[in-house]
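I opened this entry to keep track of what I looked up, starting with the ligand site and moving on to the domains and the charged pairs.

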Amino acid sequence: MNTQETIGLFDKYVIANYGRLARVIVRGEGCYLYDADGNKILDMFPGWAVSAIGHCHPKVVEALRKQAGELLHIDNTFYSEPQGELAKLLSERAFGGKCFFCNSGAEANEAALKLARLHTREGKYKFITAEGSFHGRTFAAMTATAQPKHHEGLLPLLPGFVYVPFNDVEAMKKVFSDEVAAVMVEPIQGEGGINLGDAEYLRAIRRLCDESGALLIFDEVTTGVGRTGKWFAYQHYDVEPDILTMAKALGGGTAIGAMMATEEVAASLVPGKHATTFGGNALLCAAAVATIKAIEEEGMLENAVRLGQYTMDKLRQLKQKHSMIDSVRGVGLMIGVQLNSSGSGIVDRCLENGLRINCTQGTVLRFMPAMIATESQIDQAVEILDSVLSESE
Ligand SMILES: *Cc1c(COP(=O)(O)O)cnc(C)c1O
């Protein structure tokens, strides 16, 4: 099938709810994608942050092959080794909590919100979230997402959600009460434009939650599992959540999400209160175990720190040349280039030149390369962006 034939199938049979780039991808390897027309694309936004250890990492592929020959799916009526092993690896790399496994980021957040209500009870029902947040597309996760554009046409939303400006301690204090079940925030907002949480802000939320018996939920669906150069972004700050959610990078390119809660909070999730059929599936847990081991064995956290700094330095040098760049911000390999005009055309022109990046909120170019990327790949990416910006100015 050629590119036009494949796109024809989509036109006829696939719901058009995504804005798609007119490429059919047939293969991924490391930091590169290959399309059906034989083009090689340098991928600086692999799988929308899912393929954080690169496309088709050999250790993940091998683990999937091995597990697929033994047991694909087993329901949660039984125990299986990969799920137990994955929970242990995650717990040891976070705050020693217990895990619930699911299939996506939104689902991890749904589980977190339900658990917060189940655990706090007694008149506590409110959830506070931050403006510019992104928590997913299911109804509760969408309601938690404090951006009007994601609510349009979908009202009424779920009751009980309160929105406050991000990084604003005073605003948070004003809406706090004994009715609050939980605060849910991303330590670093991704879709919202790579907005870094202040340490003081996150500490203040922790204090407010502790004083009133509310829970603190960190949505680390994008930041979790190494992206920022630590296993979890909260580890850059001196603040631990009660509940942590993750998904994108966790499965090395497969669809798995997780919610982790402290042992005390986790005890409130008893049989009958929450479940998901595919959750903790043996195949995907094996992939996630292989992902975590690969990150460790190959020093990817260290690479994310080093390469993140390198990338930001390079991008900041571009700023001196291009008035279109306002600023560069990020942590590890979660990097945003703030433009002072629209960036959507830039993304298309980069792709025409063999570079895949992303643009969010209209004016923030996102660089979120795989943790296995090299300096020369970053150089190449920045060079392409440089020439595209020159053309557009
Ligand atoms: C992507 C994302 C989600 C939603 O994850 P899905 O797997 O698309 O449901 C939730 N929270 C954050 C911070 C995300 O980046």
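I began at the ligand, where one of its nitrogen atoms lies 3.1 Å from a polar backbone atom of Phe 134. I note at once that this is a predicted model, and I read every distance here as a computed one.

I then looked for other polar partners of the ligand, and found that one of its oxygen atoms is 2.7 Å from a polar backbone atom of Ala 106. With Thr 222 the partner is in the side chain instead, an N or O atom that lies 2.6 Å from an oxygen atom of the ligand.

Next I listed what surrounds the ligand, and wrote down Ser 104, Gly 105, Ala 106 and Asn 109, then Phe 134, His 135 and Gly 136, and further along the chain Glu 186, Asp 219, Val 221, Thr 222 and Lys 248.

I turned to the domains and noted that domain 1 is assembled from the segments 25–48, 299–366 and 374–392, while domain 2 is the stretch 58–297. Their C-alpha centres are 27 Å apart.

How much area do domain 1 and domain 2 bury between them? I recorded about 1700 Å², with 64% of it on carbon and sulfur atoms. On the side of domain 1, Leu 301, Val 331 and Met 334 lose the most area to domain 2, and together they make up 39% of what that side buries.

Counting contacts, I found 18 residues of domain 1 touching 25 residues of domain 2. I also checked the charged and polar pairs across this interface, which came to 0 salt bridges but 9 residue pairs in polar contact.

I then asked which elements supply the side of domain 1 that touches domain 2, and found that α10 (300–321), β13 (325–331), β14 (334–339) and β17 (364–367) each give at least two residues. Of these, α10 gives the most, with 4 residues. Sorting the residues of that side by type, I entered 10 as nonpolar, 6 as polar and 2 as charged.

Last, I looked at salt bridges in general, for which the count comes to 20. One that I inspected joins the side chains of Glu 200 and Arg 203, at 3.7 Å from N to O. Why are Glu 200 and Arg 203 separated by about one helical turn? I put this down to their positions, because they are 3 residues apart in helix α7, which covers residues 199–212.

Key: Residues are numbered from 1 along each chain as its sequence is written. This is a predicted model: local features need pLDDT of at least 70, side-chain atom pairs count only at pLDDT 80 or more; totals for chains, interfaces and linings use all residues. Side-chain values use heavy atoms; hydrogens and water are left out. Domain bounds come from an automatic or database domain assignment. Contact means heavy atoms within 4.5 Å. Buried area is the accessible area (1.4 Å probe) that two parts lose on being put together, summed over both. A salt bridge is a side-chain nitrogen of Lys or Arg within 4 Å of a carboxyl oxygen of Asp or Glu. A polar contact is a pair of N or O atoms within 3.5 Å; within protein, one must be able to donate a hydrogen and the other to accept it, and residues adjacent in sequence count only if both atoms are side-chain atoms. Ala, Val, Leu, Ile, Met, Phe, Trp, Tyr, Cys and Pro count as nonpolar, Asp, Glu, Lys and Arg as charged, and the others, Gly among them, as polar. A residue is near a molecule or strand if one of its heavy atoms lies within 4 Å of it.
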